[in-house]
Amino acid sequence: MKESVLSRKERIMKEALLLFSDQGYTNTSTKTIAQNAGVSEALIFKHFGNKDALLVYLIKSGYRKVLTHHRGMMTYREPKEFLRTMINLPSKLVSAEPIFWRLQERLSHHPFSKQQHEQFMKPVQPIIHRAFKELGYESPEFETEFLLLIIDTLWKKEAIGELENTMELTLFLEKKYNLI
């Protein structure tokens, strides 16, 4: 019995993630999610309370999954290696969880989604600054801000399929910062 409840909850989450990322959160009804998941609409309310709570759950679980799978990626060993990791991060994250990142891109102005993303990126800013400082950059604070803007643009463009030359861009950035 417990397994079927979990699998139905997982089906709800999977379908909601797909529908929210394809049609948008506002344009997706709980009725459509229930139909696509093969469950009753009441079951969605039983597991999540309402559509807003379902969205919050999806966002939180998406970031937990990302942090679990990429835990060691953000470990600072030396400046060039860390900057290379950060430049390649958007591509790795989007390729590992394309639907989640497409949803995040669609919700980039949604207050909760934006807050979760800022929380996810917050620890990275001082480490990037440290790397640029250790490498002797004249304005490590501006280099940090610039690189974070690029990273933010890269994952958003890649998530919605508007970036065809990801490898070339990451290589360009690695060369620009003399990391290879």
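**Helix packing in an all-helix model**

The helices α5 and α9 cross in a right-handed manner (the near helix is turned clockwise from the far one by less than a right angle). This is a predicted model, in which local features need pLDDT of at least 70 and side-chain atom pairs count only at pLDDT 80 or more, while totals for chains, interfaces and linings use all residues. Residues are numbered from 1 along each chain as its sequence is written, and side-chain values use heavy atoms, with hydrogens and water left out.

As a whole, the protein contains 10 helices and zero strands (DSSP runs of H or I with at least four residues, or of E with at least two, numbered from the N terminus). Its pattern along the sequence is α-α-α-α-α-α-α-α-α-α. The C-alpha atoms fill a box of roughly 60 × 30 × 25 Å along the principal axes. Of the 180 residues, 42% are buried (under 20% relative accessible area, 1.4 Å probe, protein chains only). Contacts (heavy atoms within 4.5 Å) often link distant parts of the sequence: among those between residues at least 6 apart, 68% join residues at least 24 apart.

How do α5 and α9 lie against each other? Helix α5 spans residues 79–96 and helix α9 spans residues 140–159; their axes come within 8 Å and cross at roughly 20° (axes are lines fitted to C-alpha atoms over the stretch in contact, with N-to-C angles from 0 to 180 degrees). The two helices are therefore roughly parallel to each other (an angle under 35 degrees). On the α5 side, L83, M86, I87, P90, S91 and V94 make the contact, and on the α9 side, L147, I151, L154, W155, E158 and A159 do so. By class, 10 of the contact residues are nonpolar, one is polar and one is charged (Ala, Val, Leu, Ile, Met, Phe, Trp, Tyr, Cys and Pro are nonpolar; Asp, Glu, Lys and Arg charged; the others, Gly among them, polar).

Helix α9 also meets helix α6, which covers residues 98–106; here the axes come within 8 Å and cross at roughly 110°. That crossing angle makes α6 roughly perpendicular to α9 (65 to 115 degrees). The crossing of α6 and α9 is left-handed, with the near helix turned anticlockwise. From α6, the residues W101, R102, Q104 and E105 meet W155, K156 and A159 of α9. This contact has three nonpolar, one polar and three charged residues.

A few single residues help to fill in the picture. Within α9 sits T153, which counts as partly exposed because its relative accessibility is 43% (the class lies between 20% and 50%). T153 and T30 stand 123 residues apart in sequence, and their C-alpha atoms are 31 Å apart in space. In helix α7, residues 111–121, lies Q116. Is Q116 buried or exposed? With a relative accessible area of 13%, Q116 is buried. Beyond its neighbours within four places in sequence, Q116 is in contact with I59, K60 and Y63. Towards the other end of the story comes N178, in the segment after α10 (166–176). N178 has a positive phi of about 55°, although it is not a glycine.

Finally, the unreviewed UniProt entry annotates residues 29–48 as "DNA-binding region"; such annotations may be inferred rather than shown by experiment. Over residues 29–48 the chain is 80% helix and 0% strand, and the C-alpha atoms at the ends are 14 Å apart.

Notes: Parallel < 35°, antiparallel > 145°, perpendicular 65-115°, else oblique.
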